[in-house]
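Open the model in your viewer and keep the selection box ready. This tour goes from one selection to the next.

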Amino acid sequence: MKTYIKSIVLLLFIVVTACEDVIDVKVPTSTPRLVVEASLDWQKGTTGNEQTISLTTSTPYFDNDGNSAVTNATVTVTNVDSGETYNFVNQNNGNYTINDFEPVINDTYNLEIVYNNETYIATEKLVPVSPIKRVEESLEGGFEDDVLDVSIFWDDPADEENFYLLKFYEQGDIVASFETSPDEFVNGNELDEFFEKEKDDSDEFHEFNPGDVVELTLYGISKEYDHYMNILIEQYDAAGDPFSTIPGRLKGNCVNETNPGNFAFGYFRLSEFDTVTYTFQ
């Protein structure tokens, strides 16, 4: 009997130690591409003069360096309607800033980036947005009747096509949540969107509780950016789902005029936005 037990222990030892072999997975890499974060956002009630455009390069999946800032580019934005050109100042950390930008609703702007002797361009219009009328919390507006949710309300302009981006951020979270909302079937009406956190019976603080603070932001966006964000959100939500479609490269509106095959990631967007901070009661 003792010999039998020893044999089992020896077999288990062999199996366990055999599973400790290191597997070297070779992940294919590609040439780094320019990544453009150029969201020029104008908050209602402010001048909108201070703006930042951030440039980085794409990195391999397992790269832990984290230093991919682009510090040798030239960045300009031109108002096509007025001819005014704005030169963004290199901060030598990947950020290019300006403090005298003049946002004009419905004017068209061109972005030009010169990087590694190649010129990238993008064109977008500054899209307005209606003000947030009110914020309401409820136990009935979401999917679960015993979980707090919060909603924002705004008026959609009649007889025009509008697209909205909503950002929901709870103070203390690492990242915000985003949703898009077109007015395709609700044109000219009062619109609303709610934000709710799923109930977790094992953690009573997982969902919203009195005292929690959230920031809710409403952006006006173009039809093209709405399409871009829909795909981006779908790919993000499908992460980890073994049955989801394999995500493809998501191209923005930044075109490489010098070498079209070396396109950039990211998007050039101009939006007016309104934001509110709400504390659950």
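Two strands count as paired if DSSP finds at least two bridges between them. The model on screen is predicted.

**The sheet.** Select strands 8, 9 and 12. They form an open sheet in the order 8-9-12, with antiparallel pairing. Strand 8 (132-138) and strand 12 (190-196) stand at the edges. Each has a single partner strand, so one side of each lacks a neighbour in the sheet. On average, neighbouring strands here are turned by 20° against each other, direction ignored.

**Strands 9 and 12.** Now keep residues 149-155, which are strand 9. Seven bridges join strand 9 to strand 12, and the two run antiparallel. Pick V150: opposite it, in strand 12, stands F195.

**Aromatic rings.** The structure holds twelve aromatic pairs. Show F168 and F195. Their ring centres are 4.7 Å apart and their planes meet at 20°, so this pair is stacked. F168 lies in strand 10 (residues 163-170) and F195 in strand 12, so the pair ties together parts 27 residues apart in sequence. Both F168 and F195 are buried. Add F208, Y278 and F280: with F168 and F195 they form one aromatic cluster.

**A second pair.** Move to F263 and F265. This aromatic pair is edge-to-face, at 5.8 Å centre to centre with 80° between the planes. F263 is buried, with a relative accessible area of 10%. F265 is partly exposed, at 21%.

**Charges over rings.** Select R33. It lies over the face of F263, at 4.0 Å from the ring centre. Finish at R134, which lies over the face of F153, at 4.0 Å from the ring centre.

Notes:
Residues numbered from 1 in each chain as written. Predicted model: local features only at pLDDT ≥ 70, side-chain atom pairs only at ≥ 80, totals over all residues. Heavy atoms only, no water. Helix = DSSP H or I, 4+ residues; strand = E, 2+ residues; numbered from the N terminus. Axes fitted to C-alpha atoms, helices over the stretch in contact; angles between N-to-C directions. Phe/Tyr/Trp six-rings, centres within 6.5 Å; stacked < 30°, edge-to-face > 60°. Buried < 20%, exposed > 50% of the residue type's maximum accessible area, 1.4 Å probe, protein only. Lys NZ or Arg CZ within 6 Å of the ring centre and 35° of its normal.
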